[in-house]
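Subject: Structure for you to look at

Hi,

Here is the structure I promised to pass on. Please open it first, then read my notes beside it.

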Amino acid sequence: MITVDNLQDGEVLPHSLALLEGSIEIEDNSACENEIVVTNVTSEHNGNRTTTWPISEKRFKVLVHLELGHNALLLECGSSLSRRMSLCYEPPNTDRFVRLLYVVCEDDPDRGRFQGPPGSDPEEFTSG
C-alpha cells in the first residue's frame, strides 16, 4: 500500500509544485527497487510527466509539477504497488506576488562563482 500523509485526494493547492510525503507498506523492499515513480497523467506539456524518487526506510518525499486545474497522479512502486490520486492547482486570485532576490556582496570572494553542492555541474542548473 502507498500512503500519502500530507495531502488528501482531491486537495486544492495554490502553487504548481506539490510535495508529497508518505510511506509504503510492503514486505519485500526488493519488489520496489527502493524507488517510487510518479506520473502526472494529465500533463499536457511534453506528454506525461514522470519522475523517479528514492525510498528510504519505507518513506518517500516527492515533488510533482502540477498543471492548472485538475491533475491525475499515479504513484507506482515496482509492478505490484500503485496508487492514484488527484490534486487541483488553482493559483490565488490576487495582484500580490513574491519576488526572490539573491544578494551578493561586492567584496565576496565567491562572487560570480557557481554555488552548489560539491561535485555538482553548473550546467544542470542553468535555465534555457
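One caution before the details: this is a predicted model.

**The sheet**

Start with the three-strand sheet. It is open, and its order is β1-β3-β6. The pairing is antiparallel. β1 and β6 are the edge strands, since each pairs on one side only. From one strand to the next, the twist averages 35 degrees.

Now look at β3 and β6. β3 covers residues 17-24, and seven bridges join it to β6. Find A18 to see one such position: V64 in β6 stands opposite. As background, strands of a sheet pair through backbone hydrogen bonds, either parallel or antiparallel.

**Around β8**

Next, go to β8, residues 81-89. It pairs with β7, residues 69-77, in the antiparallel sense. Nine bridges hold that pairing. On β7, pick out E76; its bridge partner in β8 is S82. The hairpin of β7 and β8 has three residues between the strands. There, G78 takes a positive phi near 65 degrees.

β8 also pairs with β2, residues 11-13. Those two strands run parallel, joined by three bridges. V12 is the residue to find here, with C88 of β8 opposite.

**The core**

Which residues touch the most other members of the largest nonpolar core? They are I2, L20, I24, F60, L75 and L87. The core has 23 residues. At least two come from each of β1, β3, β4 (35-40), β6, β7 and β8. β8 gives the most, with four residues. The general rule is worth knowing: in soluble globular proteins, nonpolar side chains tend to be buried together.

Take I2 as an example. Leaving out residues up to four places away in sequence, I2 touches a long list, including I24, I36, F60, L75 and L81. Polar or charged names are on that list too, among them S23, E76 and R83.

**The start of the chain**

M1 sits in the segment before β1 (2-4). Is M1 buried or exposed? M1 has a relative accessible area of 54%, and the cut-off for exposed is over 50%, so M1 counts as exposed. M1 still has contacts beyond its neighbours within four places in sequence: S23, I24, E25 and L81. M1 and S23 are 22 residues apart in sequence, yet their C-alpha atoms are 8.3 Å apart in space.

**Salt bridges**

How many salt bridges does a search of the whole structure find? It finds two. Remember that side chains of opposite charge can pair when their charged atoms come close.

- D5 and R59 meet at 3.0 Å, N to O. D5 lies in the loop between β1 and β2 and R59 in β6 (residues 59-65), so the pair ties together parts that are 54 residues apart in sequence. D5 is partly exposed, at 42% relative accessibility. R59 is also partly exposed, at 40%.
- R49 and E67 meet at 4.0 Å, N to O. R49 lies in β5 (residues 49-54) and E67 in the loop between β6 and β7, so this pair ties together parts that are 18 residues apart in sequence. R49 is partly exposed, with a relative accessible area of 30%. E67 is buried, at 12%.

Write back with any questions.

Best wishes

Note on methods
Residues are numbered from 1 along each chain as its sequence is written. This is a predicted model: local features need pLDDT of at least 70, side-chain atom pairs count only at pLDDT 80 or more; totals for chains, interfaces and linings use all residues. Side-chain values use heavy atoms; hydrogens and water are left out. Buried means under 20% relative accessible area, exposed over 50%, partly exposed in between (1.4 Å probe, protein chains only). Contact means heavy atoms within 4.5 Å. Two strands pair if DSSP finds at least two bridges between them. A salt bridge is a side-chain nitrogen of Lys or Arg within 4 Å of a carboxyl oxygen of Asp or Glu. Axes are lines fitted to C-alpha atoms, for helices over the stretch in contact, and angles run from 0 to 180 degrees between N-to-C directions. A nonpolar core is a set of buried Ala, Val, Leu, Ile, Met, Phe, Trp, Tyr and Cys residues joined through side-chain atoms within 4.5 Å.
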